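Hi everyone, thanks for making time today. I'd like to walk you through a structure that may be new to you, so please have a look at it while I talk.

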Amino acid sequence: MFSFTHAPKTAYKSLDDVGKFNMIWDVSLILIPVFIVLATMHIAFRDNSWSTSLIGEMIALANIVVLKKTRKYEIVGIWSVALAVLVVQASIFLVNDSHLIADTMWCLLSGFFTFFILGTRWGTFVLLLNLTGLTVFLLNGSSIDVLNKGISLSQVNGKMVLNVFFVGVALAYIIYKMVDNNKRINKRYEKQIEQNEVLMKEIHHRVKNNLQIISSLLRLQAAESKSPQVKVQFNEAISRI
């Protein structure tokens, strides 16, 4: 029986793929009530950001439907990343009353998500793309636009921009190494499992051969015996083997 509180079963054999599918399912499920609350708050306070929350709500619902139908995560992962980048950039450049701190957090969040779902290369690209958009806004935005986002224009200088950019690069590199290391560990464990399976098959094969040899020896001994009682005992032993 299907339940929305638990991810449906998939055809993936890899634990890594199953983990990605379950993660997208859980995140999409959690985002549904989150975006409902955010949209309600934005509307109550007459905040124009309610449209962004509504789009996020629609994306989360669409994710659940597609995941349930296809039992695969690739399509949902790709479009979620693409839409996340568009929403982040729209929030930075088009939504005047959004805050830079929130925009920065969404930049990082979408980057982390991409690292996990699509791998290190796309994760690095998305994270740097989002941070580049943030950097362009800080360098080229008008005084009013920057002030509306909760930061004083006097605080924005080349040093600050460089610090933000290089921190993003360092963060991307750290995440890259973490993901790469996890992949290496998983490959090592998978190789060990395969070796253990081969070893168990070889052990079973040798045990079977040894039992067949013992059975053959008992049959030869039974054939040489002239006592019917002894032959019965040998045949019983062979049957047990």
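**Salt bridges, helices and cores**

Let me begin with the charged side chains: searching the whole structure turns up two salt bridges. Before I show you where they are, please keep in mind that this is a predicted model.

One of the salt bridges pairs E202 with R206, and their closest N and O atoms are 2.9 Å apart. Both residues belong to helix α7, four residues apart, or about one turn of the helix. Why does that spacing suit a pair? An α-helix has 3.6 residues a turn, so residues three or four places apart point the same way. As for how open they are, E202 is partly exposed because its relative accessible area is 35%. R206 has 53% relative accessibility, so R206 counts as exposed.

In the other salt bridge, the side chains of E236 and R240 meet, at 2.8 Å from N to O. This pair sits in helix α8, which covers residues 228–240, and again the two are four residues apart, about one turn of the helix. E236 has a relative accessible area of 40%, which means partly exposed, while R240, at 68% relative accessibility, counts as exposed.

Now let's step back to the whole chain. How many helices and strands does the protein chain have? The count is eight helices and zero strands, so to speak a run of α-α-α-α-α-α-α-α from the N terminus on. Of the 241 residues in the protein chain, 29% count as buried. The chain exposes about 16200 Å², and carbon and sulfur atoms supply 66% of that area. If we take the contacts with a separation of 6 or more, 62% of them are between residues 24 or more positions apart.

Let's go inside. The largest nonpolar core has 16 residues, and those with the most contacts inside it are F21, I24, L67, Y73, V76, F113 and I117. Which helices supply this core? α1 (15–44), α2, α3 and α4 (100–118) each give at least two residues to it. I24 is a nice one to click on: leaving out residues up to four places away in sequence, I24 touches L67, Y73, V76, G77, F113 and I117. Apart from that core lies another one, of 13 residues, with L127, L131, A172 and V179 among them.

Next, helix α2, residues 50–70. What end-to-end distance should we expect for α2? At 1.5 Å a residue, its 21 residues should span 30 Å, and the end C-alpha atoms are indeed 30 Å apart, so the two agree. The buried residues in α2 are S53, G56, E57, I59, A60, N63, I64, V66 and L67. L61 is also in helix α2, but L61 counts as partly exposed because its relative accessibility is 40%. The C-alpha atoms of L61 and L31 are separated by 8.9 Å, although their positions lie 30 residues apart along the chain. Just after α2 comes R71, which takes a positive phi of about 60°.

From there we can hop to helix α3, residues 74–93, where we find S80. Is S80 buried or exposed? Its relative accessibility is 11%, so S80 counts as buried. Not counting residues up to four places away in sequence, S80 touches N63 and F113.

Helix α5, residues 120–140, has 21 residues and reaches 30 Å from its first C-alpha to its last, close to the 30 Å expected at 1.5 Å a residue. Several of its residues are buried, including G123, V126, L127, N130, L131, L134 and F137.

Last stop, the surface. Which residues form a nonpolar patch there? They are L199, M200, I203, V207, L211, I214 and I241, and together they have about 560 Å² of accessible area. M200, one of them, lies in helix α7, residues 158–224. With a relative accessible area of 41%, M200 is partly exposed.

That's the tour, and I'm happy to go back to any part of it.

Key
Residues are numbered from 1 along each chain as its sequence is written. This is a predicted model: local features need pLDDT of at least 70, side-chain atom pairs count only at pLDDT 80 or more; totals for chains, interfaces and linings use all residues. Side-chain values use heavy atoms; hydrogens and water are left out. The expected span of a helix is 1.5 Å times one less than its number of residues. Buried means under 20% relative accessible area, exposed over 50%, partly exposed in between (1.4 Å probe, protein chains only). Contact means heavy atoms within 4.5 Å. Patches are made of residues with over 30% relative accessible area and no salt bridge: like charges are joined within 9 Å, nonpolar side chains (Val, Leu, Ile, Met, Phe, Trp, Tyr) within 5 Å. Accessible areas come from the Shrake-Rupley method with a 1.4 Å probe; for residues, only the protein chains shown count as cover. A salt bridge is a side-chain nitrogen of Lys or Arg within 4 Å of a carboxyl oxygen of Asp or Glu. A nonpolar core is a set of buried Ala, Val, Leu, Ile, Met, Phe, Trp, Tyr and Cys residues joined through side-chain atoms within 4.5 Å.
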